[in-house]
Amino acid sequence: MAVAQWLAHVFTEVSRAIERAFFGQSQFRITTSAFNTAATIDNGVQAKLALAEVRTQLSRDFNIELSWPILLELKAPPAQGWKAMVYNPEGNMARHQVVDFKGNSAHQMWVKPGLTRGRFKSLVAHELVHAFQREASFLTQNLSLREGMARWVEFHFLKGSAEADRLLKLKHYTFGRSIESILEFESKSGRQATLQWLRSQG
Ligand SMILES: [Zn+2]
């Protein structure tokens, strides 16, 4: 992490120097901290650092490890139809899809720029759960548990913040109720058994 921090610091300084050279001043928003402590995720370097942290946490806490390449773009996902808006009142903040990348499968992800670091990481975690479901080929039929599992991991990433409570209270998102059954399963049987149960679903 020290190298990443150093790189982020160098990147910040170089960016500001370039801006000053071209515009006579620096509007650069990150002035006091390194990229990996930035309050909001506004550029690709911050996004990549946050992505790396999410992957570490997913591996440690949920045994979720991905081998296909991840192509993360910091931009709002393409608009969806009205049905998606009805199913997901959270709106259009992040999306995952499997794409062909040099003849192999890869995960393409879009996340809206400018989100707080915590929200960004929880959404990346959510989308990486869908990525893992595709790679490991489970929950292909059970849409309710598929979305529920992603929300469950997202919830754990947000835990302790006001956002987490809000997530649980969302009533109308896609198949929302299954997050409650997963949390219940987890409180009775523990994290490992919950992961095993979910992974055994076709
Ligand atoms: Zn989802």
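Reading from the N terminus, the elements of the protein come in the order α-β-α-β-α-β-β-β-α-α-α-α-α. That adds up to eight helices and five strands. The model is a predicted one, and everything below should be read with that in mind. Of the 202 residues in the protein, 29% count as buried. As for how the chain folds back on itself, take the contacts between residues at least 6 apart in sequence: 68% of these join residues at least 24 apart.

A good place to start is the inside. The largest nonpolar core has 36 residues, and V124 and L128 are the members that touch the most others. Two or more residues of this core come from each of α2 (44-62), β4 (104-111), α4 (117-135) and α5. In soluble globular proteins, nonpolar side chains tend to be buried together. To see what one of the busiest core members actually touches, set aside the neighbours of L128 within four places in sequence; L128 is then in contact with V54, L58, I64 and L66.

Next, a look at a strand. F101 sits in β3, the strand that covers residues 94-101. Is F101 buried, exposed or partly exposed? Because F101 has 14 C-beta neighbours inside 10 Å, it counts as partly exposed. Sequence neighbours within four places aside, F101 is in contact with P69, L71 and A106. One of these partners, L71, is 30 residues away from F101 in sequence, yet the two C-alpha atoms are 9.3 Å apart in space.

The rest of the story concerns how helices pack, and α5 is a handy one to follow. Helix α5 (residues 143-158) packs against helix α6 (residues 162-169) with the axes 8 Å apart and an angle of about 155 degrees between them. α5 is therefore roughly antiparallel to α6. The crossing of these two helices is left-handed. On the α5 side, the contact is made by R151, E154, F155 and L158, which meet E163, A164, L167 and L168 of α6. Sorted by type, the residues of this contact are five nonpolar and three charged, with no polar ones.

Helix α5 also meets α7. Here the axes come within 8 Å and cross at roughly 65 degrees, and the crossing is right-handed. Which residues bring α5 and α7 together? From α5 come S144, L145, G148, M149, R151, W152 and F155, and from α7 come S178, I179, I182 and L183. The mix in this contact is seven nonpolar, three polar and one charged. R151 and F155 turn up on the α5 side both here and in the contact with α6.

The last pair is α7 (residues 178-189) and α8 (residues 191-199), whose axes come within 7 Å and cross at roughly 135 degrees. That angle is why α7 counts as oblique to α8. α7 passes α8 in a right-handed crossing. In this contact, I182, F185, E186 and S189 of α7 meet R191, A193, T194 and W197 of α8. These residues split into four nonpolar, two polar and two charged. I182 of α7 is worth finding in the structure: this residue takes part in the contact with α8 and also in the one with α5.

Terms used
Residues are numbered from 1 along each chain as its sequence is written. This is a predicted model: local features need pLDDT of at least 70, side-chain atom pairs count only at pLDDT 80 or more; totals for chains, interfaces and linings use all residues. Axes are lines fitted to C-alpha atoms, for helices over the stretch in contact, and angles run from 0 to 180 degrees between N-to-C directions. Helices (H or I, at least four residues) and strands (E, at least two) are DSSP runs, numbered from the N terminus. Angles under 35 degrees count as roughly parallel, over 145 as roughly antiparallel, 65 to 115 as roughly perpendicular and the rest as oblique. A crossing is left-handed if the near helix is turned anticlockwise from the far one by less than a right angle, and right-handed if clockwise. Two residues are in contact if their C-beta atoms, placed from the backbone, lie within 7 Å. Ala, Val, Leu, Ile, Met, Phe, Trp, Tyr, Cys and Pro count as nonpolar, Asp, Glu, Lys and Arg as charged, and the others, Gly among them, as polar. A residue is buried if 20 or more other C-beta atoms lie within 10 Å of its own, exposed if 12 or fewer, and partly exposed in between; C-beta atoms are placed from the backbone. A nonpolar core is a set of buried Ala, Val, Leu, Ile, Met, Phe, Trp, Tyr and Cys residues joined through C-beta atoms within 7 Å.
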